[in-house]
Amino acid sequence: MKVLLAVIIATLVWLTTSPVPIEPVAWDAPPAPPLEGPYAVNDRLAAVRRVGRGVGMGPEDVEVARDGTVYVGYEDGRIARFVPGLGSPEVFARTGGRPLGLELDSSGRLVVCDGHRGLLRIATDGTVEVLAAAAEGLPFGFTNDLDIGADGTIYFTDASWKFGPEMKARDDVLEHGGNGRLMKYDPATGGVTVLLDGLQFANGVALAPDGNSLLVAQTGSYNVLRYWLAGERAGTHEIFIDNLPGIPDGISSNGRDTYWLALFTVRNPMLDAMSGLPWLRKVVYRMPQFLQPQPAPHAFVLGLSLDGEVTHNLQHDGSGSFAPVTSVTEAGGRLYLGSLTQDAFGVLKLPRP
């Protein structure tokens, strides 16, 4: 009995006092909206077709060229190119890090947010060039996603300067310390400007069709912000859509009337309940990972109007779903879905509202 008591006491001391790399900040998570109405559970993503099985793990983002060529980045640093008419994909480039967001520029070069190496540009022959690895003296920690303006300006996020991909997004979300940044890269000067800082795991980026504003997803705050680039409100920002029913990840524009938002999973009641209890988040961090809040296997994609209204609600709940969905790209009458853990990317015929 004495030995058991000593073990219990030692465990409690360890759970409450051992050092951890996070310094949690108290915040007030809003009550999650119910999965009904515009968020009603459905199985519309059950029809997702898995493409490229066996090529690599973790196709986090998918970029589609005008000719139908598909570029996909994998966790081992490879970027594969799926060319229409060819039987097998080819290795287009190796970044030496972890490619996340992908976007083709007007010259056909692939611009990449690499979680380890920073903002990269890959020539048509596969040569990799580092465009930027720091801003205002602070190195990037988790370069995440991007979009490119008509003038070639690259807008991109550093999800967390403090916690890189090797420590996972979980660390930054549990801390809620505002370590994310939204930035722009000027191709004429090679300079990087910070547009917004203090973001809660700055994730997906999407320019508005008119180029006057852009959206940035805050994974840790369950919302999407709109940052104004032009007009009377230039340099200011506002909430575009708030209190989402899931954890926002990648976002893209179809260039006309719809933003596509990937939700990594539905909200976790335990995680929300701990929002105002920093000490408890430290305790949970010390626990074995299987005892920590886990993402539910729930594929979730929203289509949003240019005013932030829900126009599409696509879901599939269960172990067989294409989850987690981390990016959504519309091209050629289809949606292309990326995932952090799947062994294929997803393709779905463009659904009706």
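Student: Which residues does Ser327 touch, not counting those up to four places away in sequence, and what makes each a contact?

Tutor: They are Glu60, Asp61, Val62, Gly250, Ala262, Tyr336, Leu337 and Gly338. Each counts because contact means heavy atoms within 4.5 Å. This is a predicted model, in which local features need pLDDT of at least 70 and side-chain atom pairs pLDDT 80 or more, while totals for chains, interfaces and linings use all residues. Residues are numbered from 1 along each chain as its sequence is written, and side-chain values use heavy atoms, with hydrogens and water left out.

Student: Why is Ser327 called buried or exposed?

Tutor: Its relative accessibility is 5%. Buried means under 20% relative accessible area, exposed over 50%, and partly exposed in between (1.4 Å probe, protein chains only). Ser327 is therefore buried. Its place is in strand E24 (residues 327-331). Strands (E, at least two residues) and helices (H or I, at least four) are DSSP runs, numbered from the N terminus.

Student: What makes the pair Ser327 and Asp61 a polar contact?

Tutor: Their side chains meet at 3.2 Å. A polar contact needs a pair of N or O atoms within 3.5 Å; within protein, one must be able to donate a hydrogen and the other to accept it, and residues adjacent in sequence count only if both atoms are side-chain atoms. The pair therefore qualifies.

Student: How do you know that Arg181 and Asp158 form a salt bridge?

Tutor: The N to O distance between their side chains is 3.0 Å. A salt bridge is a side-chain nitrogen of Lys or Arg within 4 Å of a carboxyl oxygen of Asp or Glu. The pair passes, so the name holds. Arg181 lies in strand E14 (residues 180-185) and Asp158 in strand E13 (residues 154-158), so the bridge ties together parts that are 23 residues apart in sequence. Arg181 is buried at 5%, and Asp158 is buried at 0%.

Student: How many salt bridges are there, and how do Asp105 and Arg109 fit in?

Tutor: The structure holds 12. Asp105 and Arg109 form one of them, at 2.9 Å, N to O. Asp105 is buried at 14% relative accessible area, whereas Arg109 is partly exposed at 28%. Asp272 and Arg267 form another, with the closest N and O atoms 3.0 Å apart. Asp272 has 12% relative accessibility and counts as buried; Arg267, at 8%, is buried as well.

Student: What makes a set of residues a nonpolar core, and which members of the largest one touch the most others?

Tutor: Such a core is a set of buried Ala, Val, Leu, Ile, Met, Phe, Trp, Tyr and Cys residues joined through side-chain atoms within 4.5 Å. The largest has 17 residues, and Val224, Leu244 and Tyr259 touch the most other members. Strands E17 (213-218), E19 (237-241), E21 (259-266) and E22 (298-304) each supply at least two of its residues. E21 gives the most, with four. Beyond four places in sequence, the contacts of Val224 include Leu215, Phe240, Leu244 and Leu261. Another core, of 15 residues, lies apart and has Ala135, Ile148, Phe156 and Val194 among its members.

Student: How do you know that E3 and E4 pair?

Tutor: Two strands pair if DSSP finds at least two bridges between them. E3 (residues 70-73) and E4 (residues 78-82) have four, in the antiparallel sense. Val72 stands opposite Ala80 in E4.

Student: Why are E2 and E5 called edge strands?

Tutor: The open sheet runs E2-E3-E4-E5, with antiparallel pairing. E2 (62-64) and E5 (90-94) each pair on one side only.
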